[in-house]
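Colleague: Could you take a close look at one part of this model for me, the core, and tell me how the rest is arranged around it? I'd be glad of one connected account.

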Amino acid sequence: MDFPEELKYTEDHEWVLVENDVVTVGITNFAQDQLGDIVFVELPEVGDMLEEGKTFGVVESVKAVSDVYAPVAGEVVEVNEVLPDEPEALNNSPYEAGWMIKIKLADPAVLDGLMNVTAYKEFVEKD
Amino acid sequence: MKITPLNQIHRQLGARMVDFGGWDMPVQYSGVIAEHMAVRTTAGLFDVSHMGEIEVSGAQAFEFLQYATTNDLANLTDGQVQYTALCYETGGVVDDLTLYRFAADRYLLCVNASNSDKDFAWLQDLQKNTDFSDLALINRSDEYAQLALQGPVAANILAKLTSTDLSAIKFYRFKEGMVAGIETIISRTGYTGEDGFELYCAAADGAALWQELMKVGESLGLLPIGLGARDTLRLEKAYALYGHEITAEIMPIEARLAWITKLKKGNFVGRDAMLKAKQAGLSRKLIALTLTTSGVPRDGYPVLSGGRQVGYVTSGTMSPSLRKGIALALVETTVAESDEPLQIGIRKRQVLAERTALPFVK
């Protein structure tokens with residue numbers, strides 16, 4: 001299964017792309033595969049302040065509702081406006097077209113708590 | 001966990017398996033939406049061997065079933081299937097089932113997997129507490145494998161494996177015949193709203209029957225279908241699911257099943273309670289709702305009118321055919337029969353839901 005090396009990962013199966021003080025967040029290929037056909041996405045609004053570890057959105061497959069958690073604290077600076085109309089992008093392109101939100105980091109130090117690709121692969125295998 | 005005779009096949013196909021009422025069952029193979037659309041446009045094959053089969057036979061079988069079930073057996077003929085229910089004295093539902101008439105004194109009841117032990121015990125108790133002595137009840141659930149072959153080309157696929165004249169088996173009729181050299185009950189029934197068959201064979205033949213059907217069906221678009229699509233397919237047709245639209249606390253006449261509840265046929269278990277409830281006026285009614293904006297209604301979500309909860313969703317999903325959220329909901333009768341706008345509470349949102357004629361998908 002495909003897990004890009006340049007990304008950081010969380011135990012809740014989100015990926016994080018770090019570019020200076022802004023991070024892009026989505027769900028991993030493992031997460032979308034576990035969920036199955038995704039049919040609904042709920043995202044926060046630009047300007048919302050997120051707390052690390054708290055729900056920022058919801059992803060629903062035909063069968064299940066799943067919360068998505070903020071991997072870092074900060075302000076939402078951009079959301080993927082296309083997703084509510086094309087939730088299947090999360091299945092088809094979890095790392096590109098399926099990105100969910102961009103967060104301006106409140107504290108860059110928190111990134112140390114995220115997993116690198118090797119650690120995440122091990123985590124998925126144990127999960 | 002219990003397994004069906006096809007468990008190994010599901011695993012080989014890479015199905016995602018789930019615990020379904022104590023059964024290790026496939027919830028999806030290629031994906032719920034792809035599987036759903038295959039059944040609507042070509043065909044799908046379901047392992048439904050977890051369903052229970054109870055044989056009722058003897059000189060008093062007819063009389064007993066007429067008393068135990070809600071529908072009227074009087075006009076049934078050999079080779080006919082009937083959708084019916086077992087009820088408690090309260091009018092609540094023990095289970096819904098299909099009843100097969102093999103002969104005036106021999107019937108097979110196909111019941112829900114998770115209810116089959118409860119149903120069998122219920123029927124045994126009923127026999128004990130009444131004076132139906134010339135009657136044999138046998139739980140044959142472990143003896144049968146059952147496959148559902150459903151979809152517009154289901155008959156074309158089945159015809160490749162049997163010399164039985166399928167055009168002679170009308171809707172809700174069955175025949176016994178050979179399919180791929182396997183003794184099979186060929187029943188023109190299903191839970192998808194498409195043309196199709198439910199095929200019963202000996203448990204030991206189940207895997208072979210599956211493989212033969214897949215082999216001849218593949219070129220016609222036949223896909224294996226899991227429980228995920230089984231649910232979306234039945235819900236688009238507004239078919240009741242036990243534990244959702246009907247439960248021990250919901251009477252069939254509240255759940256749009258008056259057509260299988262023959263209050264005039266004579267006495268049966270639950271009839272008095274239902275007559276009384278009907279005379280007093282039913283307080284709840286099952287309605288169909290379609291969301292006007294995006295969102296997925298789920299069972300248990302509240303139905304609201306003017307900010308007040310007036311009922312709840314019994315089953316909800318994203319309809320793969322309509323690409324909209326659809327729901328069955330049990331609501332107060334006065335609200336059901338009014339045209340007050342209704343909303344479904346989805347987390348913090350209240351989403352407008354339009355009353356919809358049944359079924360959702362024609």
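Modeller: Happy to; I'll begin with how far to trust the model, then go from the core outwards.

This is a predicted model: local features need pLDDT (the predictor's confidence in each residue, from 0 to 100) of at least 70, side-chain atom pairs count only at pLDDT 80 or more, and totals for chains, interfaces and linings use all residues. Residues are numbered from 1 along each chain as its sequence is written, while chains are lettered from A and ligands numbered from 1 in the order in which they are written. For chain B the average pLDDT is 97, and 100% of the residues score at least 70. For the complex, the predictor gives an ipTM of 0.88 and a pTM of 0.95.

Now to the core itself. The largest nonpolar core (buried Ala, Val, Leu, Ile, Met, Phe, Trp, Tyr and Cys joined through C-beta atoms within 7 Å) has 125 residues. Buried means 20 or more other C-beta atoms within 10 Å of a residue's own, with C-beta atoms placed from the backbone. Leu65(B), Leu109(B), Leu147(B), Leu149(B), Leu199(B), Ala329(B) and Ile344(B) have the most contacts inside this core. Its largest share, six residues, is supplied by strand 17 (residues 324-332) of chain B; strands (E, at least two residues) and helices (H or I, at least four) are DSSP runs numbered from the N terminus. Because domain 1 (7-48 + 143-236) and domain 2 (283-355) of chain B both give residues to the core, it lies between them; the bounds come from an automatic or database domain assignment. Apart from this core lies another, of five residues, among them Tyr9(A), Trp15(A), Leu114(A) and Tyr120(A).

Two members of the core make good starting points. Take Leu147(B): leaving aside its neighbours within four places in sequence, it is in contact (C-beta atoms, placed from the backbone, within 7 Å) with Leu45(B), Phe46(B), Asp47(B), Val48(B), Leu199(B), Leu209(B), Trp210(B) and Leu213(B). Leu199(B), as it happens, also appears among the core residues with the most contacts.

The other is Ile344(B), in strand 18 (residues 342-346) of chain B. The covered face of strand 18 holds Leu342(B), Ile344(B) and Ile346(B), and its uncovered face holds Gln343(B) and Gly345(B). Strand 18 pairs (at least two DSSP bridges) with strand 15 (residues 302-305) of chain B, to which two bridges join it in an antiparallel arrangement. In that pairing, Ile344(B) has Val303(B) opposite it. Five bridges, again antiparallel, link strand 18 to strand 19 (residues 349-355) of chain B, with Arg349(B) opposite Ile346(B). The hairpin of strands 18 and 19 of chain B leaves two residues between the strands, and Arg347(B) takes a positive phi there, near 50 degrees.

How do the two domains meet? Their centres, taken over C-alpha atoms, are separated by 32 Å, and the contact takes eight residues from domain 1 and six residues from domain 2 of chain B. On the domain 1 side, helix 2 and helix 7 of chain B each supply at least two residues. That side divides into three nonpolar, two polar and three charged residues.

Helix 7 deserves a pause. Nine of the ten residues of helix 7 of chain B are buried, so the helix is largely enclosed by the rest of the structure. Its buried residues include the charged-looking names you might not expect on a quick scan, Arg230(B), Asp231(B) and Glu236(B), as well as Leu227(B), Leu233(B) and Leu235(B). Following helix 7 is Ala238(B), with a positive phi near 60 degrees.

Helix 7 also takes us to the other chain. Twelve residues of chain B are in contact with nine residues of chain A. Helix 2 (32-41), helix 7 (227-236) and strand 16 (308-319) of chain B each give at least two residues to the side that touches chain A.

Over in chain A, an open sheet of six strands has the order 1-2-3-9-8-5, with antiparallel pairing. Strand 1 (8-9) and strand 5 (49-50) of chain A are its edge strands, each pairing on one side only. Strand 5 is joined by two bridges to strand 8 (residues 74-79) of chain A, running antiparallel, and Met49(A) has Glu75(A) as its bridge partner in strand 8.

Technical notes:
Buried ≥ 20, exposed ≤ 12 C-beta atoms within 10 Å, placed from the backbone. Nonpolar A, V, L, I, M, F, W, Y, C, P; charged D, E, K, R; others polar.
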